[in-house]
Amino acid sequence: LAILIGIIMGSWAQQRSLLAEVMETNTRLAFTTNHLEEEKMRLDALLVRQYNLLSVLGGGVNSKKSMDEDSNSLGSREGLTLERIELMRRHLAVNVNSSTADIE
């Protein structure tokens, strides 16, 4: 009977230890999830600002339409955004070069 009680007490101690470990892991997981949600919100806000900037700088209806067609082939908004940023960078570089040539 004493051996059986000893085994039960050891089992309870092991269960408490495992429960404490699971609770600690859940706390860390909740913290990480919260951090990742905040990061996602920041990145979404950045993406919205990039789209707004592109539309202000001349990413008008025609380029948006062509980019929407390209997005079907890309399959991701990230690729679409990167292409739009690169397209706008090239467009601005051409404008700067032509403005410099006009001044000279």
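Trainee: How many salt bridges does the structure hold?
Mentor: This is a predicted model, and the count rests on its side-chain atoms. Side chains of opposite charge can pair when their charged atoms come close. The number of salt bridges in the structure is three.

Trainee: Which residue forms a salt bridge with E39?
Mentor: E39 lies in helix α1, and its partner lies in helix α1 as well, three residues apart, about one turn of the helix. The closest N and O atoms of the pair are 2.5 Å apart. The partner of E39 is R42.

Trainee: Are E39 and R42 buried, partly exposed or exposed?
Mentor: Partly exposed residues fall between the cut-offs of 20% and 50% relative accessible area. E39 has a relative accessible area of 30%, and R42 stands at 46%. Both values lie between the cut-offs, so E39 and R42 count as partly exposed.

Trainee: Which residue meets K40 in a salt bridge?
Mentor: The two residues of this pair lie in helix α1, four residues apart, about one turn of the helix. Their side chains meet at 2.9 Å, N to O. The residue that K40 meets is D44.

Trainee: Is K40 exposed or buried, and what is the relative accessibility of D44?
Mentor: Exposed means over 50% relative accessible area. K40 has 52%, so K40 is exposed. D44 counts as partly exposed, and its relative accessibility is 33%.

Trainee: Where do R90 and E86 lie, and how far apart are their closest N and O atoms?
Mentor: Both residues belong to helix α3, which covers residues 77-103. Because they are four residues apart in this helix, about one helical turn separates them. E86 counts as partly exposed at 27% relative accessibility. R90 and E86 form a salt bridge, with the closest N and O atoms at 3.4 Å.

Trainee: Is R84 buried or exposed?
Mentor: R84 has its place in helix α3. Buried means under 20% relative accessible area. The relative accessibility of R84 is 10%, so R84 counts as buried.

Trainee: How far apart in space are R84 and Y51?
Mentor: In sequence, 33 residues separate R84 and Y51. The distance in space is taken from C-alpha to C-alpha. That distance is 8.8 Å.

Trainee: What is the area of the nonpolar surface patch that includes I8?
Mentor: I8 has its place in helix α1, residues 2-56. A residue needs over 30% relative accessible area to join a patch, and I8 is partly exposed at 38%. L1, L4, I5, M9 and W12 make the patch together with I8, and its area is about 670 Å².

Trainee: What share of the residues in the protein is buried?
Mentor: The accessible surface of the protein comes to about 8,800 Å², and carbon and sulfur atoms account for 63% of that surface. The protein has 104 residues. The buried share of these residues is 9%.

Trainee: Which element has the lowest mean pLDDT?
Mentor: The protein has three helices and zero strands, and its elements run α-α-α from the N terminus. The average pLDDT of the protein is 79, and 73% of the residues score at least 70. Among the elements, α1 has the highest mean, 92, whereas the lowest mean, 48, belongs to helix α2.

Trainee: How many contacts beyond near neighbours in sequence does the stretch of residues 60-65 have in the model?
Mentor: Over residues 60-65 the pLDDT is below 50. Beyond near neighbours in sequence, the number of contacts of this stretch in the model is one.

Note on methods:
Residues are numbered from 1 along each chain as its sequence is written. This is a predicted model: local features need pLDDT of at least 70, side-chain atom pairs count only at pLDDT 80 or more; totals for chains, interfaces and linings use all residues. Side-chain values use heavy atoms; hydrogens and water are left out. Buried means under 20% relative accessible area, exposed over 50%, partly exposed in between (1.4 Å probe, protein chains only). Accessible areas come from the Shrake-Rupley method with a 1.4 Å probe; for residues, only the protein chains shown count as cover. Patches are made of residues with over 30% relative accessible area and no salt bridge: like charges are joined within 9 Å, nonpolar side chains (Val, Leu, Ile, Met, Phe, Trp, Tyr) within 5 Å. A salt bridge is a side-chain nitrogen of Lys or Arg within 4 Å of a carboxyl oxygen of Asp or Glu. pLDDT is the predictor's confidence in each residue, from 0 to 100. Contact means heavy atoms within 4.5 Å.
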